[in-house]
Every structure is written in structure tokens, then in C-alpha cells.
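Thanks for making the time this morning. I would like to walk through one chain with you, so please have the structure open while I talk.

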Amino acid sequence: MSSPGRVLGWLGQVVAWSFVIAVTAVLTATVAVPRLAGATPYTVLTSSMEPGMPAGSLVVVKPVEPDQLGVGTVITYQLESGKADVVTHRVVAVENAINGEQTFITQGDANNVADPEPVRPVQIKGERWYAMPYLGHVNKVLTGSQRQMAVYVVGSLLLAYAAFMFTGSMRERSRTKREARAAKEQTKEDVLA
């Protein structure tokens with residue numbers, strides 16, 4: 001193989017493996033790790049948490065006991081207890097209600113004022129474990145079963161790609177050995193002649 005051909009082949013391998021590693025990392029961060037850790041991924045829909053979590057970020061939230069929360073913690077909570085709509089904001093104050101229940105005052109990092117209603121412990125889904133910009137767009141588009149199917153499809157494709165690369169490598173090794181044997185035989189014939 002010519003030198004430019006080898007360089008292009010090597011470059012193709014680097015690009016392919018970079019893609020494989022990137023896809024694996026994204027799937028691990030968005031599906032596998034949250035599922036194994038009992039965490040939940042959410043999509044940040046607004047710019048209220050910029051610059052740290054711009055709209056479209058994926059925030060992974062792990063369950064937490066409310067008494068472990070303090071000022072500065074980023075939490076995800078239900079706007080209304082028992083309803084699906086959630087918000088991810090930072091705790092800016094911890095207060096005790098008249099009935100003795102602890103409540104949390106929250107505010108988006110990009111907002112000038114605190115949220116109008118205190119957050120009750122029953123509303124809290126958990127605290128931010130980690131966030132990844134832009135991956136929330138993918139999370140928003142795919143349902144849970146579609147994400148699971150994507151894991152299976154990408155995993156199968158990665159295994160097929162690995163098998164293809166392994167087979168190609170074995171063929172190349174076999175061809176190189178045949179060429180070396182042929183060259184050795186030719187050298188023997190040239191010496192005998």
C-alpha cells in the first residue's frame with residue numbers, strides 16, 4: 001500500500017474509532033449511568049440556568065433526602081406536587097414554614113429574582129448529579145423505549161463494526177504472511193539459480 005493510502009487508512013481508523021468512542025460515551029452518560037444509579041435524566045427547556053446549563057442541556061438528577069439540601073444545591077422539583085412539569089433551579093435559601101416543614105427558596109442562575117413559591121420537600125425529585133450541554137435535545141426527542149432501542153441498535157452496530165475491523169485485520173495479517181512466504185520462496189529460487 002502506498003504511503004498516502006496508509007495515511008488515509010490510518011486517518012479513517014482514527015475517525016471511526018473517535019465516533020465509536022463518542023457514541024459510547026453519550027449513551028453511557030445519558031442512558032446507562034442514570035439507569036444503574038437510580039437517577040433520572042431531564043432536559044433543561046429554558047435559559048434560566050445559563051451559563052452553566054443552557055437550554056437543551058441534559059441534567060441527570062439523583063434522589064436526595066431534603067434535609068441534606070443546602071444553599072447552593074441545584075435541585076429539580078415539580079411545579080405542583082404530583083404533576084409532571086419540573087424545574088431545575090438552585091437553592092438560595094432554606095426556611096421553616098409555620099407548620100415546621102422545611103421549605104426551599106429557589107432561583108435560576110440567570111434570573112434576577114427568586115422563584116415566587118417556596119418548594120416543599122414532597123415536590124423535590126432530586127439534586128443535580130451532572131449536566132451535559134445539548135444532549136437534552138436528544139432526550140426530549142426520544143421516549144424511554146426509543147432510548148432503550150437506540151442502545152440496542154448502537155450496541156449491535158458497534159459489535160458489527162468491531163467484527164468487521166477484526167476480520168479485516170485478520171485478512172491483512174494473512175495476506176502479509178503469504179506475501180512474506182512468497183518473497184522468501186522467491187529469494188531461495190534466486191539463490192539456487
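Glutamate 101 and arginine 120 form a salt bridge, and in this predicted model the closest N and O atoms of the pair are 3.2 Å apart. The pair links distant parts of the chain, since glutamate 101 lies in the loop between β4 and β5 while arginine 120 lies in the loop between β5 and β6, 19 residues apart. As for how open these side chains are, glutamate 101 counts as partly exposed at 24% relative accessibility, and arginine 120 is partly exposed as well, with a relative accessible area of 38%.

A second bridge belongs beside that one. Aspartate 109 forms a salt bridge with arginine 90, and here the closest N and O atoms are 2.9 Å apart. This pair, too, links distant parts of the chain, with aspartate 109 in the loop between β5 (102-107) and β6 (124-132) and arginine 90 in strand β4 (residues 86-96), 19 residues apart. Aspartate 109 is partly exposed, with a relative accessible area of 36%, and arginine 90 is partly exposed at 24%.

How many salt bridges are there by this rule? The count comes to five, and one more of them deserves some time, the one in which the side chains of glutamate 172 and arginine 175 meet at 2.5 Å, N to O. Why are glutamate 172 and arginine 175 separated by about one helical turn? They are three residues apart in helix α3, which means a separation of about one helical turn. Glutamate 172 is partly exposed, with a relative accessible area of 38%, and arginine 175 counts as partly exposed at 32% relative accessibility. Salt bridges that share partners then join Glu172, Arg175 and Glu179 into one network.

While we are on this helix, please also find lysine 177, whose place is in helix α3 (residues 144-192). A positive surface patch is formed by Lys177 together with Arg173, Arg178 and Arg181.

Let me step back to the chain as a whole. It has three helices and six strands, and from the N terminus on, the elements run α-β-β-β-β-β-β-α-α. Of the 193 residues, 26% count as buried.

Now to the annotation. The UniProt record, which is an unreviewed entry, places the feature "transmembrane region" at residues 7-33 and 149-168. What does the model show over residues 7-33? Over that range the chain is 100% helix and 0% strand, and the end C-alpha atoms are 37 Å apart.

Staying with the N-terminal helix, there is a nonpolar patch on the surface, formed by Leu8, Trp10, Leu11, Val14 and Val15, with about 520 Å² of accessible area together. Tryptophan 10 has its place in helix α1 (residues 3-37). Is tryptophan 10 buried or exposed? With a relative accessible area of 58%, tryptophan 10 is exposed, because the cut-off for that class is over 50%.

Valine 31 is also found in helix α1, but valine 31 counts as buried at 12% relative accessibility, because buried means under 20%. The C-alpha atoms of valine 31 and proline 41 are separated by 8.1 Å, with the two residues ten apart along the chain.

Another contact between separated positions involves isoleucine 124, whose place is in strand β6. Isoleucine 124 is buried, with a relative accessible area of 13%. The C-alpha atoms of isoleucine 124 and tyrosine 77 are separated by 4.2 Å, although these residues are 47 apart along the chain.

I will finish with a detail of the backbone. Where is proline 51 found? Proline 51 is in the loop between β1 (40-43) and β2 (58-62), and the peptide bond that leads from glutamate 50 to proline 51 is cis, with omega near 5 degrees. As background for that, most peptide bonds are trans.

To recap before we discuss, arginine 120 pairs with glutamate 101, arginine 90 pairs with aspartate 109, and on helix α3 the residues Glu172, Arg175 and Glu179 are joined into one network.

Methods: Residues are numbered from 1 along each chain as its sequence is written. This is a predicted model: local features need pLDDT of at least 70, side-chain atom pairs count only at pLDDT 80 or more; totals for chains, interfaces and linings use all residues. Side-chain values use heavy atoms; hydrogens and water are left out. Patches are made of residues with over 30% relative accessible area and no salt bridge: like charges are joined within 9 Å, nonpolar side chains (Val, Leu, Ile, Met, Phe, Trp, Tyr) within 5 Å. Accessible areas come from the Shrake-Rupley method with a 1.4 Å probe; for residues, only the protein chains shown count as cover. A salt bridge is a side-chain nitrogen of Lys or Arg within 4 Å of a carboxyl oxygen of Asp or Glu. Lys and Arg count as positive and Asp and Glu as negative; His and the chain ends are not counted. The place of a charge is taken as NZ of Lys, CZ of Arg, CG of Asp or CD of Glu. Helices (H or I, at least four residues) and strands (E, at least two) are DSSP runs, numbered from the N terminus. Buried means under 20% relative accessible area, exposed over 50%, partly exposed in between (1.4 Å probe, protein chains only). UniProt positions are given in the numbering used here, feature names are shortened, and annotations may be inferred rather than shown by experiment.
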